[in-house]
2 protein chains.
Amino acid sequence: MKTAKVIYAASETDANLFYATKFLVGDPVAYIEAGRRKMLVLNDLEIGRGRDEADVDEILSLSELTKSIGKGCTMAHVIEKVVRANGASSCTVPGSFPLELADQIRARKIKVESQVGPFYPQRLLKTTPEIRAIEAAQRATEDAVHAALDVLRKSKIRGHKIYHRGEVVTSELLKRIINVSLMERNCIAKNTIVASGDQGCDPHNRGTGPIKPDQTLILDVFPRSGDSHYFADQTRTVVKGKATPAVKRLYAAVLEAQEVGIAAVRHGVNGRTVHEEVKKVFDRLGYKTEPRHGKMVGFFHGTGHGVGLDIHEAPSVGSRDSLLEAGAVVTVEPGLYYFGVGGVRIEDMVLVTRTGCRNLTKFPKALEDLEL
Amino acid sequence: MKTAKVIYAASETDANLFYATKFLVGDPVAYIEAGRRKMLVLNDLEIGRGRDEADVDEILSLSELTKSIGKGCTMAHVIEKVVRANGASSCTVPGSFPLELADQIRARKIKVESQVGPFYPQRLLKTTPEIRAIEAAQRATEDAVHAALDVLRKSKIRGHKIYHRGEVVTSELLKRIINVSLMERNCIAKNTIVASGDQGCDPHNRGTGPIKPDQTLILDVFPRSGDSHYFADQTRTVVKGKATPAVKRLYAAVLEAQEVGIAAVRHGVNGRTVHEEVKKVFDRLGYKTEPRHGKMVGFFHGTGHGVGLDIHEAPSVGSRDSLLEAGAVVTVEPGLYYFGVGGVRIEDMVLVTRTGCRNLTKFPKALEDLEL
């Protein structure tokens, strides 16, 4: 019995579908892979563009299929028809496949099973053009963070605030500078983090209000290229003004942990091992991870994640087993967060190689030197 | 038997989860609604922010639940535990619920059924703050399109190209102006369409290369606000230079069809009826919809769609039955596309009211007058 691979998704948010077809579509469409034959079912609105752009063997017309099936035709009928026409009576789908449609297809006596693990394992191992696409997005990211730090460098501390051309420097201002700079390079940044002081101690707080002098400022920027649709991801931590000795120690610890993490990355290593090496540095230096007053402090997130058509994808560099293979692109981003002291995170993207890794991030690392 | 509502998704891409929680998260999380109790399960990385920001009754700690369940704990175990602890043994999920997780929960003897129709029907009917959010995104859209048309107005035709400050005016340039202007207002535009001549005849072709003088230019802009996360949507068609008589007739036909469509919108009307009224105008004026040389020409997409936390949401204004109720925000966007002549689409967003509708779009409509 032949099994077809089926995806029903919008490739704009579903990386597997974009990977399979190289066709960008904002609303869900059906994709069927039977044997080596790749088919995309498109409505009249998308069909012209699909014929020009999609990297598939055949574009099927949704309106013609609907007409041939007749009254009461649903997407389940359409998928059933295409699957059976290709000699299959079962299909494998991604774990994210929509339940409602799966149940409707099952009701039509087609077996539907979700694939365990990555739907396209080859997505993890980047080709040269994919690596170039990630690097291009990373260069745009670096330009954008430079632009924000440039404003911070030119700004003056007066009292508990920082001023640039008479304006209070805020998270919102720096995020706007970063996001606009990225958009000028056709990279789309969402949820950029520019978080000052205690705000940075909550790693996903995106930051609001005035940047605080003499306190940690985390800038975590992860745009998607509007050209290639690949992501980049970078975090730097800086202080405008003077860092306290405690912050300097925190920064040195995170930097050391990151260096240890990067040194541990190579083909064949378990991501969990890299994560454990990073944790050992913090343990040795006495930085505890624990809840305090109902909030976690210390190092309470993974060391890193794969980056590609998804911002978070396999392999993982955290507490789960996950094999790092040559060609994978992963972040190494340890952090330490203590309310009242500050939050520090430093993140590079590295390409796993046979003998170690190649750092795709060129942005310098310095806590107080904004001349970068 | 009590039934819980369960969502497992990232609220950044899942509007139902954002609607339920007002909490923005980029990676999937579990949300359980039992009776009137709303619960969100968050990992250590998100839990602090969740406690501050999420509009739910309780934040449950994923790490504590995992510890209490013990070795081999999966998300299915976690959801089962929370569902049973709230006295339920079945759950209703959105149609988009991930199949893999649904099957795992079912294997644990919890019934999982996807809801037919909208998961939160109240999402269709916008409150005053929601309407204001859509209008704010629309004002930013209008500013952005003004900025692009301003460049076009100041540009000069030389031969078959258009020049602005010595640079050839391209789709890419105008898209960059629009997208950067929107980003300056914290609105994120993706897939903005600036499509000239025959490119505009494929309604989802986003446009590339030089803008052609004396030909139709479609500008379709639909950003999402980074503040409210609501969308706006607008399309205008212009000609830089002189429109041919055929293009002028095309434009007049689409404008008339749009006016007829808008006039047909009111509480209690079927979206399909509005769509049919629009089609009648084109039929009466003799504009045929048909395939020619393997591509569709005429009017071959729906008249409109709901707009809110999703760019395309219910109700629809197309060939399917879909009730328009007071409070819904829908687009009215007829178009005509003929290769060799041009593509014209005009799109406003309207708020359905008891007696008709209120147009949320203020941008003027004119084919050749770029002085707008």
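This text describes the domain arrangement of chain A and then a run of paired strands in a predicted model.

Chain A is assigned two domains: domain 1 covers residues 2–119, and domain 2 covers residues 124–359. Taken over C-alpha atoms, the centres of domain 1 of chain A and domain 2 of chain A are separated by 37 Å. The two domains do touch: on the side of domain 1 of chain A, four residues are in contact with six residues of domain 2 of chain A. When the residues on this side of domain 1 of chain A are sorted by class, four are nonpolar, while no polar and no charged residues are found there.

The strands considered next are β7, β8 and β9 of chain A. Strand β7 of chain A comprises residues 156–158 and strand β8 of chain A residues 161–164; the pairing between these strands is antiparallel and runs over three bridges. Within this pairing, A:Lys156 has A:Tyr163 of β8(A) as its bridge partner. β7(A) and β8(A) form a hairpin with two residues between the strands, and in this hairpin A:Gly159 adopts a positive phi near 65 degrees.

β8(A) also pairs with strand β9 of chain A, which consists of residues 167–168; here too the sense is antiparallel, with two bridges. In this second pairing, A:Glu167 of β9(A) lies opposite A:His164. The hairpin of β8(A) and β9(A) likewise has two residues between the strands, and a positive phi near 50 degrees is found at A:Arg165. Strand β8(A) thus takes part in antiparallel pairing with β7(A) and with β9(A).

Note on methods:
Residues are numbered from 1 along each chain as its sequence is written. Chains are lettered from A and ligands numbered from 1 in the order in which they are written. This is a predicted model: local features need pLDDT of at least 70, side-chain atom pairs count only at pLDDT 80 or more; totals for chains, interfaces and linings use all residues. Domain bounds come from an automatic or database domain assignment. Two residues are in contact if their C-beta atoms, placed from the backbone, lie within 7 Å. Ala, Val, Leu, Ile, Met, Phe, Trp, Tyr, Cys and Pro count as nonpolar, Asp, Glu, Lys and Arg as charged, and the others, Gly among them, as polar. Two strands pair if DSSP finds at least two bridges between them. Helices (H or I, at least four residues) and strands (E, at least two) are DSSP runs, numbered from the N terminus.
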